[in-house]
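Good morning, everyone. Please have the sequence and the 3D view open, and stop me if you lose your place.

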Amino acid sequence: MDQACSLAAGDFTPLNYSAIVYDKTAFCFHYLCSYLGENLFDSLMHTYYETWKFKHPQPEDLKPFLNKGASKIWSGFLMIY
């Protein structure tokens, strides 16, 4: 019953909306913070926020910020994200 993460919000079932939009996103960001380290993660997210505040970014808009600042190889994560 799991749905793709890339769906528009209105295309999720109510259960999957909660599970994917909130739970999986929180899990992924927690994992990234642990993997990259809190300082690097916070810096990347701050830059992302400053660039996109008051706008409507899409998931693909986050990837360049993560790739730009991360020296670790983690392309496998971005493929599943």
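I will go through the overall layout, then the helices, then a few individual residues.

First, a caution: this is a predicted model. Every value I quote was computed from that model.

Start with the layout. The protein has 4 helices and 0 strands. Reading along the sequence, you get the pattern α-α-α-α. The protein has 81 residues, and 22% of them count as buried. On contacts, take those in the protein with a separation of 6 or more: 29% of them come from residues 24 or more positions apart.

Now the core. Which residues make up the largest nonpolar core? There are 8 of them: Leu32, Leu36, Phe41, Leu44, Tyr48, Leu62, Phe65 and Leu66. The elements giving two or more residues to this core are α1, residues 14-36, α2, residues 38-52, and α3, residues 59-69. Please find those three helices on your screen, since most of what follows refers to them.

Let us take α1. It has 23 residues, and at 1.5 Å a residue these should span 33 Å. The C-alpha atoms at its ends are 32 Å apart, so the expected span and the model agree. There is still a bend in α1, of about 25°, at Ile20. Ile20 is also one of the buried residues of this helix; Asn16, Cys28, Leu32 and Leu36 are buried too. Two of these, Leu32 and Leu36, you have already met in the core. Just after α1 comes Gly37, with a positive phi of about 95°.

Next, the segment before α1, where Gln3 is found. What does the side chain of Gln3 reach at 3.1 Å? The partner is the backbone oxygen of Asp11. A polar atom of the Gln3 side chain also lies 2.9 Å from the backbone nitrogen of Thr13. If we set aside residues up to four places away in sequence, Gln3 touches Asp11, Phe12, Thr13, Asn16 and Ile20. Notice Ile20 in that list; this is the residue where α1 bends.

On to salt bridges. How many are there? The count comes to 2. In one of them, the side chains of Asp2 and Lys24 meet, with 2.7 Å from N to O. This pair links distant parts of the chain: Asp2 sits in the segment before α1, Lys24 sits in helix α1, and they are 22 residues apart. Are the two partners buried or exposed? Asp2 has a relative accessible area of 52%, so it counts as exposed. The cut-off for exposed is over 50%. Lys24, at 31%, is partly exposed.

In the other salt bridge, the side chains of Glu50 and Lys53 meet at 3.1 Å, N to O. Glu50 has 37% relative accessibility and counts as partly exposed. Lys53 is partly exposed as well, with a relative accessible area of 31%.

Now the loop between α2 and α3, where we find Phe54. Phe54 is not a glycine, yet its phi is positive, about 65°. Why point that out? Most residues other than glycine have a negative phi. Is Phe54 buried or exposed? At 79% relative accessibility, Phe54 counts as exposed.

Let us move to helix α3, which contains Asp61. A polar atom of the Asp61 side chain lies 2.6 Å from the backbone nitrogen of Gln58. Leaving aside neighbours within four places in sequence, Asp61 is in contact with Tyr48 and Trp52. For Asp61 and Tyr48, the C-alpha atoms are 8.8 Å apart, and the two residues are 13 apart in sequence. Tyr48 is a member of the core we listed earlier.

One last residue is Ser43, in helix α2. Ser43 counts as partly exposed, at 40% relative accessibility. Between the C-alpha atoms of Ser43 and Phe65 the separation is 10.0 Å, and these residues are 22 apart along the chain. Phe65 is another member of the core.

To go back over the main points: the predicted model has 4 helices and 0 strands. Its largest nonpolar core has 8 residues, and α1, α2 and α3 each give two or more to that core. Helix α1 bends at Ile20, and the salt bridges number 2. That is all I have; thank you.

Methods
Residues are numbered from 1 along each chain as its sequence is written. This is a predicted model: local features need pLDDT of at least 70, side-chain atom pairs count only at pLDDT 80 or more; totals for chains, interfaces and linings use all residues. Side-chain values use heavy atoms; hydrogens and water are left out. A nonpolar core is a set of buried Ala, Val, Leu, Ile, Met, Phe, Trp, Tyr and Cys residues joined through side-chain atoms within 4.5 Å. Buried means under 20% relative accessible area, exposed over 50%, partly exposed in between (1.4 Å probe, protein chains only). A salt bridge is a side-chain nitrogen of Lys or Arg within 4 Å of a carboxyl oxygen of Asp or Glu. The expected span of a helix is 1.5 Å times one less than its number of residues. The bend at a residue is the angle between axes fitted to the seven residues ending there and the seven starting there. A polar contact is a pair of N or O atoms within 3.5 Å; within protein, one must be able to donate a hydrogen and the other to accept it, and residues adjacent in sequence count only if both atoms are side-chain atoms. Contact means heavy atoms within 4.5 Å.
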